[in-house]
Structures are given as C-alpha cells and as structure tokens.
Amino acid sequence: MSVTLSSIAQGVSQVAAQLNQDFYEAVVITVVPGGILYTADLTRQLTFDINMDYISCTHTPGDRNNHSPIVFHNNIDISNRHVILIDDAIESGGTMKRLVNHISEHFTPKSVSVAVLFVKPGRVDIPVKQYFAYEMDNYDLLIGYGMPWENKYRNLPYVAKLKR
C-alpha cells in the first residue's frame, strides 16, 4: 500500500469540503506531533474563521488503553465554541477517545469533532462527528506524512505500509 502526494491532497480537499459545509467558525486543535502536516494542509483549505491550539498525548500505535498524560496548554478559550481535533490517523481510537473526553469534560465546548486522514477498522467508538478521507480495510502500520515508526519517517511526502 502506498498513498501518493496527489492522493493525500485529494483526501485533504475532501475533508476540508465537509468541514466547510458544517462550520462557520471553530477552534482547530492539532494533536502533535502527528497531526502537524495534515493540519497545515487542511487549514489552508478551510473557508471559515479558525483559531488554533495544540494537544499531545504520547501513544503506541494500536494501543487501546493509553494512560499517558494529556498535555493541553489551552491557549485559546474553547468554552461554548466548536472544537475540531485534527490528527493524521485513528488506529485503535483509544487515544483519540481520551482526547475527546478530556476536552469535553474539562473545557465545556459547544461541540467536539474529529478530522483525520485515515481511520482503521475495529476502532473503538468515539461518540463525536468524525471527518475522514480514507477508511482502511486492514491494520497495516502506516508511515509518512506525519506518521512515524520509532520516531522516524514522519517527513516522508507519501504514506506507505511499514515493512518489518
């Protein structure tokens, strides 16, 4: 499996079009470091007003029971505002579900949504609206375009299956 830069661009445009239909303003919160490249490409195509912030929670791909600390600097007041969490992919969904719950429970946003490029099958239920371009039919470990393996390969300009 390999996703070219043009396929990535098409997926980014697809998600941007969906978001542009649903929002007139929002706070975009990037899950760092993985979501940085996707956020940069996605936000340039958004036609509504945005504010930007970031959140992090280290995790291992596929880990459904992540208990790492969540670090959110809350640089922008998100109470009673629409929030869109942006990351490169949802694998098991455990970490994203924790992030959604954290934002929802501690900061009283008007709504929380998730925007990612890839989602994998068998992920846990995340009870918010999700915007994504590609729903995978396998559990391949992906690298490139922000997705690492052992802290390498994030800067590949394409997405590929890790061959181990």
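**Helix packing and nonpolar cores in a predicted model**

I start with the first two helices: α1 and α2 pack at an angle of about 60 degrees, and their axes are 9 Å apart. The axes are lines fitted to C-alpha atoms, for helices over the stretch in contact, with angles running from 0 to 180 degrees between N-to-C directions. Helices here are DSSP runs (H or I, at least four residues), strands are runs of E of at least two, and both are numbered from the N terminus.

A word on the source: this is a predicted model, in which local features need pLDDT of at least 70, side-chain atom pairs count only at pLDDT 80 or more, and totals for chains, interfaces and linings use all residues. Residues are numbered from 1 along each chain as its sequence is written, and side-chain values use heavy atoms, with hydrogens and water left out.

Back to the pair. α1 and α2 are therefore oblique to each other; under 35 degrees would count as roughly parallel, over 145 as roughly antiparallel, 65 to 115 as roughly perpendicular, and the rest is oblique. On the α1 side V12, V15, A16 and L19 meet Y38, D41 and L42 of α2, where contact means heavy atoms within 4.5 Å.

Next, the cores. A nonpolar core is a set of buried Ala, Val, Leu, Ile, Met, Phe, Trp, Tyr and Cys residues joined through side-chain atoms within 4.5 Å. Buried means under 20% relative accessible area, exposed over 50%, and partly exposed in between (1.4 Å probe, protein chains only). The largest core has 26 residues, and L19, L42 and F118 have the most contacts inside it. Two or more residues each come from α1 (5–22), β2 (25–31), α2 (36–43), β5 (82–86), β7 (111–119) and β8 (129–135). α1 gives the largest share, 5 residues. Beyond its neighbours within four places in sequence, L19 touches L42, L46, F48, I84, A115 and Y131. A second, separate core has 23 residues, among them F72, V83, V116 and I126.

Now α3. This helix covers residues 94–107, 14 in number, and reaches 20 Å from first C-alpha to last, close to the 20 Å expected at 1.5 Å a residue; the expected span is 1.5 Å times one less than the number of residues. Its buried residues are G94, T95, M96, L99, V100, H102, I103 and F107. They pack against β2, β3 (49–56), β4 (71–72), β5, β6 (89–90) and β7. After α3 comes T108, with a positive phi near 40 degrees.

Last, Y145, in the loop between β9 (142–143) and β10 (159–161). Y145 is buried, at 4% relative accessible area.
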